[in-house]
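Dear colleague,

I am handing over a structure that may be new to you, and what I found in it follows below. Please read the notes with the structure open beside them.

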Amino acid sequence: MASYVLLCLATLQGVRAWGALGHATIAYVAQNYVTAETASWAQGVLNDTSASYLASIASFADQFRATAAGAWSAPLHFIDAEDNPPTTCNVDFTRDCGATGCVVSAIANYTQRAGDGQLTAADTAEAVKFVVHFVGDITQPLHDEAFEAGGNGIPVHFMGFNDNLHSDWDTFMPEELIGGSSLANAQSWANTLIAEIDSGVFAYEKAGWIAGDTVGDAIATATRWATDGNALVCTVVMPQGAAALTAMPDLFPTYYDGVIGTIELQIAKGGYRLANWLNMIFETDIANRGIVDGSEVVKREVVPKSELDGHAFPVERELSKAKLARAALGYGCDHQH
Ligand SMILES: *[C@@H]1O[C@H](CO)[C@@H](O)[C@H](O)[C@H]1NC(C)=O
Ligand SMILES: *[C@@H]1O[C@H](CO)[C@@H](O)[C@H](O)[C@H]1NC(C)=O
Ligand SMILES: [Zn+2]
């Protein structure tokens, strides 16, 4: 319990999930790959035609959950996969999501709401902001892991600081690579990743990042994304277990050098996926209904998606050990996930 309290105090340092740098970078990568029509729709929804229309709102969900009004949304930033790393890694939506929702159910819900066409402008903008953030969160391997509250309970040393593993993945290792966390830093990192996606190390694998993605089955798609991130917990994040990381005098440079390429991969992947996802929301749910540039042309009847009628939340079940620990931690504590 005492260590959880310390974790919460660390919040005061302003640490956030995939820190502001990671989320803004994912958003800038996405801005590069959305179609002109999707961009114009998103700019209209967000009322922002600036060059950072997605990057500026990419961390909105973290700011929101830190408020009393937004505390309910904290569980939506992660899924507590109750597997057994590093021996076994896996995600089971029914087992892991929890009755208050998780990042998978949230992606499904806000995807549906972003394309709904019947919500208020404010609710539509909120939905787009959540989608931009959560499609980012789900690529961070420790957001797809219950063990030690996604690594928040794994003490490590990095660059001479006493950190926890989660915050090093979210924030401190990306910032060490890029040298800052401003929007300019994010744009510059995004440019590097875009070059790799277009014709560099990611050119051949990018098709696999979005293969099979469909807004028609957002739960299955997002569960696949979570499974992809979660697998890295066993193979890259802690292949020798958590104790081996805690025992290291410093994660820099050996551990950092070994994982930073995966961090870049996940940020690039998140941005590329987000663009494709927004394009699909626009093409399937907005353009299809004839709503373009905010002015409705043809209004079709909106059929509620049965997927969300009860299925976005798994059936209520007894709280597992991991979820009890998470509840004790207090969802309002910003530092966890
Ligand atoms: C849109 O943004 C402009 C300028 O930033 C502002 O004046 C206007 O009130 C905003 N509109 C809405 C509906 O929020
Ligand atoms: C979807 O989001 C809305 C708005 O935040 C929320 O009221 C509702 O409970 C959510 N539904 C599901 C199934 O997640
Ligand atoms: Zn988050």
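Donors, as the word is used here, are N, O and S atoms within 2.8 Å of the metal, and since water is not among the atoms, sites may look incomplete. Please also keep in mind throughout that this is a predicted model.

With that definition in hand, the zinc ion (ligand 3) has as its protein donors His 77 through ND1, His 133 through NE2 and Asp 137 through OD, which lie 2.0 to 2.2 Å from the ion. Along the sequence, these donor residues follow the spacing H-x55-H-x3-D. His 133 and Asp 137 both belong to helix 7 (residues 121–137), where they are four residues apart, or about one turn of the helix. An α-helix has 3.6 residues a turn, so residues three or four places apart point the same way. Both His 133 and Asp 137 are buried.

The aromatic residues come next. A search of the whole structure gives 15 aromatic pairs. One of them is formed by Tyr 33 and Tyr 272, which meet edge-to-face, with 5.0 Å from centre to centre and 80° between the planes. This pair links distant parts of the chain, since Tyr 33 is in helix 2 (residues 20–33) and Tyr 272 is in helix 14 (residues 254–286), 239 residues apart. Tyr 272 has a relative accessible area of 15%, and because buried means under 20%, Tyr 272 counts as buried.

The rings of Phe 60 and Phe 64, by contrast, are stacked, because their planes are at 15°, which is under the 30 degrees set for stacking, while their centres are 5.7 Å apart. Both residues lie in helix 4 (residues 60–65), four residues apart, which is about one turn of the helix. Phe 64 is buried, at 18% relative accessibility. Phe 60 and Phe 64 also belong to one aromatic cluster together with Trp 72, Tyr 110, Phe 130 and Phe 134. Over the face of Phe 60 lies Lys 129, at 4.8 Å from the ring centre.

Helix 14, already mentioned for Tyr 272, deserves a look of its own. Helix 14 has 33 residues and spans 48 Å from its first C-alpha to its last, close to the 48 Å expected at 1.5 Å a residue. Helix 14 nevertheless has a kink of about 35°, centred on Ile 260. Helix 14 is also mostly covered, with 26 of its 33 residues buried.

With kind regards

Note on methods:
Residues numbered from 1 in each chain as written. Chains lettered and ligands numbered in written order. Predicted model: local features only at pLDDT ≥ 70, side-chain atom pairs only at ≥ 80, totals over all residues. Heavy atoms only, no water. Phe/Tyr/Trp six-rings, centres within 6.5 Å; stacked < 30°, edge-to-face > 60°. Helix = DSSP H or I, 4+ residues; strand = E, 2+ residues; numbered from the N terminus. Buried < 20%, exposed > 50% of the residue type's maximum accessible area, 1.4 Å probe, protein only. Lys NZ or Arg CZ within 6 Å of the ring centre and 35° of its normal. Expected span 1.5 Å × (residues − 1). Bend = angle between axes of the 7 residues up to and from the residue. Donors = N, O, S within 2.8 Å, 3.2 Å for Na, K, Ca; no water.
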